[in-house]
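Colleague: I have just opened this one, and I would like to learn how the terms are applied. Could you take me through a few of them?

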Amino acid sequence: MSRPAKRPLAKPSLAQRLARPLPLGLAGLAALALAVLAAGWREVAGSYLAAWLVLLGLAAGALPVVVALERFGLSVHDRGEGEIALSLRRLLGLMPAAAILGLPLLAAAPILYPWATEAPHTPLGRLWFTLPGFALRLLAYLGLWVWLAARFRDAPPKPGDGRTAAGVGLHALVGTLAVTDLVGALDTRLGSSLEGLLVLTAWSGLAFAAAILRAPEEPAPVGRGRAVAGQDRLVPLAVLLALWAYLHFVQFLIVWSANLPDEVRWYLARGGWSGRGLALMAGAVALAAALATLRPGRPTTRVLAGLVVVLHAAEMFWLVTPALRDRFTLTPGDGLAALGILCLAGALRPLARMPHPRGPAGTRSAGGRIPA
């Protein structure tokens, strides 16, 4: 007896597709409105920028790591590394949502950046820091990041094809300029050429740690294979942490050895008990990651990854909010802004399932999409 033919699944209607993200979107807007009532527009604009940088870092930070995995020929089918690669590619799907949520910064620029009310002292600064120029550059940064994320999200690994180096180079150029415009211009007391590279490294560490938390665990091997499998995820995380800590140390050493008053005041604004506590946490996490590579283990790696996510997320607020408060503290307004960004990113999550027709069939689910 022949089996009855399966009835095709009906596609959800537009109203059904909008019903799921709508409550999240409303909750995000409500959280931001409460933050404005509690702290005011200028404070919340800074908190929004810091929380948005965390979201942007998850997507933009995943990009160079995905490119590096592709360069060395690690596909999503490779065990261990493949799960991390797939998780990182899913993080790239956050880039359209991050780009949309970055657009309100165009309206917030006049209340965030000093150059909007007082002209910079140099001719190049007066030409570069203008509202139309800032708007055009921000749109260009976001557009290029969205294009790079779409290009590398489902692309099959082709070692040595040349586009990987071009992708990393373009990301580094866009990232350093974006950090200068979005973060460096907030507080001009620090004139550091390392700031862009430092933030990009922090973003990659944030994205890799989040990918570890999102990736499912492989069955634990026995014998020597257990240690090797533990190092597959822990060693890259420790290397990113060590590079990030070194860049922070070099930047601080230059300021201290040169005795630069403005730069010292920049650091003093980020000191206090909160700043010192964050610095001690950063040193402890970096040291723990280095020591853990001697005896790697799966629970240790995931615990460290969670601490790294918290550390780099707090770092974005450490970089941004003292420019507006002249001190580093985490306030209820910061928490509400972070909740608002989280809810709005969840409401825009369907954009993470955009199809990529150039991707390999093995990396996509039904309908030509990589699972979000």
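Colleague: How many aromatic pairs are there, and what makes two rings a pair?

Modeller: The count comes to eight aromatic pairs. Rings of Phe, Tyr and Trp (its six-membered ring) pair if their centres lie within 6.5 Å; planes under 30 degrees apart count as stacked, over 60 as edge-to-face and the rest as tilted. Keep in mind that this is a predicted model, where local features need pLDDT of at least 70, side-chain atom pairs count only at pLDDT 80 or more, and totals for chains, interfaces and linings use all residues. Residues are numbered from 1 along each chain as its sequence is written, and side-chain values use heavy atoms, with hydrogens and water left out.

Colleague: Why is the pair of Trp115 and Phe129 called stacked?

Modeller: Their centres are 5.8 Å apart, within the 6.5 Å limit, and the planes differ by 25 degrees, under 30, so the pair is stacked. Trp115 sits in the loop between helix H6 (104–112) and helix H7 (123–128), while Phe129 is in the loop between H7 and helix H8 (131–153). Here helices (H or I, at least four residues) are DSSP runs, numbered from the N terminus. Ring pairs also link Tyr113, Trp115, Phe129 and Phe134 into a cluster.

Colleague: What makes Trp266 and Trp318 edge-to-face?

Modeller: The angle between their planes is 90 degrees, over 60, and the centres are 5.6 Å apart, so this pair is edge-to-face. Trp266 belongs to helix H12 (residues 261–269) and Trp318 to helix H14 (residues 298–320), 52 residues apart.

Colleague: How do you know whether Trp266 is buried or exposed?

Modeller: Buried means under 20% relative accessible area, exposed over 50%, partly exposed in between (1.4 Å probe, protein chains only). Trp266 has 2%, so Trp266 counts as buried. Trp318, at 11%, is buried by that rule too.

Colleague: Which charge lies over the face of Trp266, and why does it count?

Modeller: That is Arg270, at 3.9 Å from the ring centre. A charge sits over a ring if NZ of Lys or CZ of Arg is within 6 Å of the ring centre and within 35 degrees of the ring normal, so the distance of 3.9 Å fits. Arg276 likewise sits over the ring of Trp273, 5.7 Å from its centre.

Colleague: And why is Ser47 called buried?

Modeller: Its relative accessibility is 2%, so Ser47 falls under the 20% cut-off. Ser47 is found in helix H3 (residues 41–71).

Conventions
Helices (H or I, at least four residues) and strands (E, at least two) are DSSP runs, numbered from the N terminus.
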